[in-house]
Amino acid sequence: MKKIKCCFNGLGSLPMSKEAFSRVLDSAKKLEDASGEGNEYLGWLNLPINYNKEEFNQIISVANEIKEKADVLLVIGIGGSYLGARCAIESQNGVFQTKSKVKVYFLGINLDSDYFEEILNIIKDKSVYVNVISKSGTTLEPAIAFRIIKEMLSNEYSTLELKDRIIVTTDKEKGALKRMSEKEGYRTFIVPDDVGGRYSVLTSVGLLPIAVSGIDINQMMSGAREAVKIFSSDDNDCYRYTSARVALYEKGYNTEVFTNYNPRFTQFSEWLKQLFGESEGKDGKGLFPASMTFTTDLHSLGQYVQDGSKILFKTELEFEEVSQNIKVPFSKDNHDKLNNLSGKSLSYLNEIAQEAVYIAHKKGDVPQIMIKIPENNPYYLGMLFYFFEKACALSAYAIGVNPFDQLGVEEYKKQMKNLL
Ligand code: PA5
């Protein structure tokens, strides 16, 4: 089976920096023997092997029921409680979700009434299921969204029917959501105690919505399981990537731009931004995670990347096999003078764009890291999730911060509650 690989362009000897690499190995040791800060949150590390098989089968069975009975699944959750599912669904089913029978919409991710109204209009007269996800069970945005949706649905469904249509994913014992689900008798999935929000995509938090959208979660887990194996040897591509980004950070490159050439992965970058931003951005340290989808953003931020402050490097997702379906047609009048491209696939043009950008960015002294993925499918998506989770935890330890707390997020939540 092929695996995810990491290559470098324009980094000179940096990726081989012995100093950074040995710090990454020390960090790996901390993960293995659970001797680092935040070690009570290491459940994700062997999750693809140790996951609760009984719960996994229940997830599949509830997902099948929803696929059979619903037109829409409303996922209510924010941060780590929605980003993984959202990016997985878009990456496999497309930006417009044309591949899945049940449309999945995300609510509780802002406090904007226009966004809410739009969704309420979309779901009118549709058969709706709800998955409300909150580890703490106390986060304001999803709590408010759940209130509104519950009230709306209680005008359409009987109490008994509503009980079947609401599925809760939360802590096994704490929080308001847990208490409510017990009182109302909602079916409930558990967010494991030892897995933090941003590392939870391979738990019920991500898996239920992902399975509802028709993605093979068995394949995802098996890709992640393979990742546990291949990204734990003393020299592997995950460690090399981590060592390169740590070395770049220490050289003064303080922004990592996650790039891709496939809009289906724009949301994956959002997941990466939360993962790295919340894990590393503390104690005045950490790379700032940014993202761009090319070729779109070459026409907006491309100028800055090429020629602006020398503070950023690129980490690019690159697929080795892509669909060659759509081709440039021949035009009789050749008004745009592009007949030399007729018969070429869009994927070919995308590849050429990628090559041109490598050359240009090399000229502009932009360090480039390429993460090469054999194919876009659930198996490699599972592997990719794990690759970045591990790289993130290793990096955070290597720069000297706790990868698993998020006091900054808690601070905003606290201030908001005070003001209200
Ligand atoms: O990663 C994190 O811990 C946060 O982003 C949380 O996921 C987010 O704040 C939502 O928290 P909760 O699931 O407790 O509602």
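These questions and answers cover the cysteines and strand S7 of a predicted model. Local features need pLDDT of at least 70, side-chain atom pairs count only at pLDDT 80 or more, and totals for chains, interfaces and linings use all residues. Residues are numbered from 1 along each chain as its sequence is written, and side-chain values use heavy atoms, without hydrogens and water.

Q: Why does the count come to 0 disulfides?
A: A disulfide is a pair of cysteine sulfur atoms within 2.5 Å. The sulfur of Cys6 has its closest cysteine sulfur in Cys7, at 6.6 Å, too far for a bond. For Cys238 the closest cysteine sulfur is that of Cys6, at 8.9 Å, also too far. By this rule the count is 0.

Q: Why is Cys238 called buried?
A: Buried means under 20% relative accessible area (exposed is over 50%, partly exposed in between; 1.4 Å probe, protein chains only). Cys238 has 0%, so the term applies. Cys6, at 8%, is buried too.

Q: What makes strand S7 mostly covered?
A: Strand S7 spans residues 255-260, and 6 of its 6 residues are buried. Strands are DSSP runs (E, at least two residues), and helices are runs of H or I, at least four residues, numbered from the N terminus. Thr255, Val257 and Thr259 lie on one side, with Glu256, Phe258 and Asn260 on the other.

Q: How do you know that S7 pairs with S8?
A: Pairing takes at least two DSSP bridges between two strands. 6 bridges join S7 to S8 (residues 288-293), and the strands run parallel. Glu256 has Pro289 as its bridge partner in S8.
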